[in-house]
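Reader: Please take me on a close look at one part of this protein, the kind of tour you would give at the bench. Start from the whole chain so that I know where I am, and explain the terms as you go.

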Amino acid sequence: MHHMLTIPNLLTFIRIVLIPVLFLVYWLPFPWAKPATAAIFALAAITDWFDGYLARRLNQYSHFGEFLDPVADKLMVASSLILILTNRTWPWPIFWLATPAIIIIGREIVISALREWMAEIGKRAAVAVSMVGKVKTTFQMFAIGFLLYQHPFFGIRIDMLGFLLLQIAAFLTLFSMVLYLKAAWPYITQPPPSLD
């Protein structure tokens with residue numbers, strides 16, 4: 001049990017605990033609620049970077065951490081996108097937010113299933129995280145943070161910037177999914193082993 005209570009794993013736990021906090025703060029009837037929600041999301045994004053860095057630096061890798069970290073990421077991203085979609089005051093058609101949200105959440109489901117299947121056949125390394133995936137994550141995190149903020153920032157409409165970044169993130173999401181599927185395709189199309 002003690003090997004689960006590492007600093008990187010505690011940071012991941014904090015990220016999961018922040019999800020209900022994110023929801024509660026978002027719905028508070030105060031002008032600071034949306035910026036505070038964006039700050040909570042930013043804190044979660046920072047812990048995501050930090051737990052990976054500390055796992056490498058302190059040599060505190062664990063199977064539990066490997067399992068929990070991507071789960072925490074996906075829960076935080078999906079929850080935040082759903083919160084953004086509940087806002088009825090956006091100046092653009094909801095289609096332009098719902099479509100990227102579906103692409104991003106759908107891609108996570110597809111790639112999670114693909115990685116699980118590739119691990120079962122011992123080819124997990126063939127679908128390792130690509131550079132495109134890392135760039136996509138960066139765009140996605142800034143997009144969600146800016147869209148959650150929902151206030152002008154020093155006179156700048158950062159929600160508009162978030163909207164544009166979300167479109168780019170959705171495109172990169174599809175592109176990275178194609179790369180993953182291309183890497184896995186030779187294994188997916190192999191005939192199953194003979195039973196005799």
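Author: Let's begin with a word that will come up often: a residue is buried under 20% relative accessible area, exposed over 50% and partly exposed in between (1.4 Å probe, protein chains only). By that rule, 39% of the chain's 196 residues are buried. Please keep in mind that this is a predicted model, in which local features need pLDDT of at least 70 and side-chain atom pairs count only at pLDDT 80 or more, while totals for chains, interfaces and linings use all residues. Residues are numbered from 1 along each chain as its sequence is written, and side-chain values use heavy atoms, with hydrogens and water left out.

The chain holds 6 helices and 0 strands; helices (H or I, at least four residues) and strands (E, at least two) are DSSP runs, numbered from the N terminus. In order from the N terminus, then, the elements read α-α-α-α-α-α. The C-alpha trace spans about 65 × 45 × 25 Å along its principal axes. Contact here means heavy atoms within 4.5 Å. Of the contacts between residues at least 6 apart in sequence, 76% join residues at least 24 apart.

The part I'd like to show you is the pair α5 and α6, together with the loop between them and some of the surroundings. Two packed helices are described by the angle between their axes and the distance between the axes. Axes are lines fitted to C-alpha atoms, for helices over the stretch in contact, and angles run from 0 to 180 degrees between N-to-C directions. Helix α5 covers residues 131-149 and helix α6 residues 158-188; their axes come within 7 Å and cross at roughly 155°. That angle makes α5 roughly antiparallel to α6, because angles over 145 degrees count as roughly antiparallel, under 35 as roughly parallel, 65 to 115 as roughly perpendicular and the rest as oblique. Where they meet, the residues comprise 18 nonpolar, 5 polar and 2 charged. (Ala, Val, Leu, Ile, Met, Phe, Trp, Tyr, Cys and Pro are nonpolar, Asp, Glu, Lys and Arg charged, and the others, Gly among them, polar.) The crossing of α5 and α6 is left-handed, a term for a near helix turned anticlockwise from the far one by less than a right angle, with clockwise being right-handed.

Within α5 you will find Val135. Val135 is partly exposed, at 31% relative accessibility. Its C-alpha atom is separated by 9.5 Å from that of Thr173, although their positions lie 38 residues apart along the chain.

Now follow the chain into the loop. Most residues other than glycine have a negative phi. Two residues here go the other way. Gln150, in the loop between α5 and α6, has a positive phi of about 55°. Phe154 is found in that loop too, with a positive phi of about 50°. Their surroundings contrast: Gln150 is buried at 19% relative accessibility, whereas Phe154 is exposed at 77%.

What does Gln150 meet? One of its partners is Asn87, which is in contact with Tyr26, Ile94 and Gln150, leaving aside neighbours within four places in sequence. Asn87 sits in another loop, the one between α3 (63-86) and α4 (95-120), and is buried at 10% relative accessible area. The side chain of Asn87 also makes a polar contact with the side chain of Thr89 (2.6 Å). A polar contact is a pair of N or O atoms within 3.5 Å; within protein, one must be able to donate a hydrogen and the other to accept it, and residues adjacent in sequence count only if both atoms are side-chain atoms.

Tyr26 leads on to Thr37, which touches Leu22, Val25, Tyr26 and Leu148, not counting residues up to four places away in sequence. Thr37 lies in helix α2 (residues 33-57) and is buried at 0% relative accessibility. From C-alpha to C-alpha, Thr37 is 8.4 Å from Gly145, with their positions 108 residues apart in sequence. The side chain of Thr37 reaches the backbone oxygen of Ala33 at 2.7 Å.

Finally, back to α6, which has another packing partner. α4 and α6 pack at about 25°, with axes 9 Å apart, and are therefore roughly parallel to each other. Their contact has 20 nonpolar, 3 polar and 2 charged residues. α4 passes α6 in a left-handed crossing.
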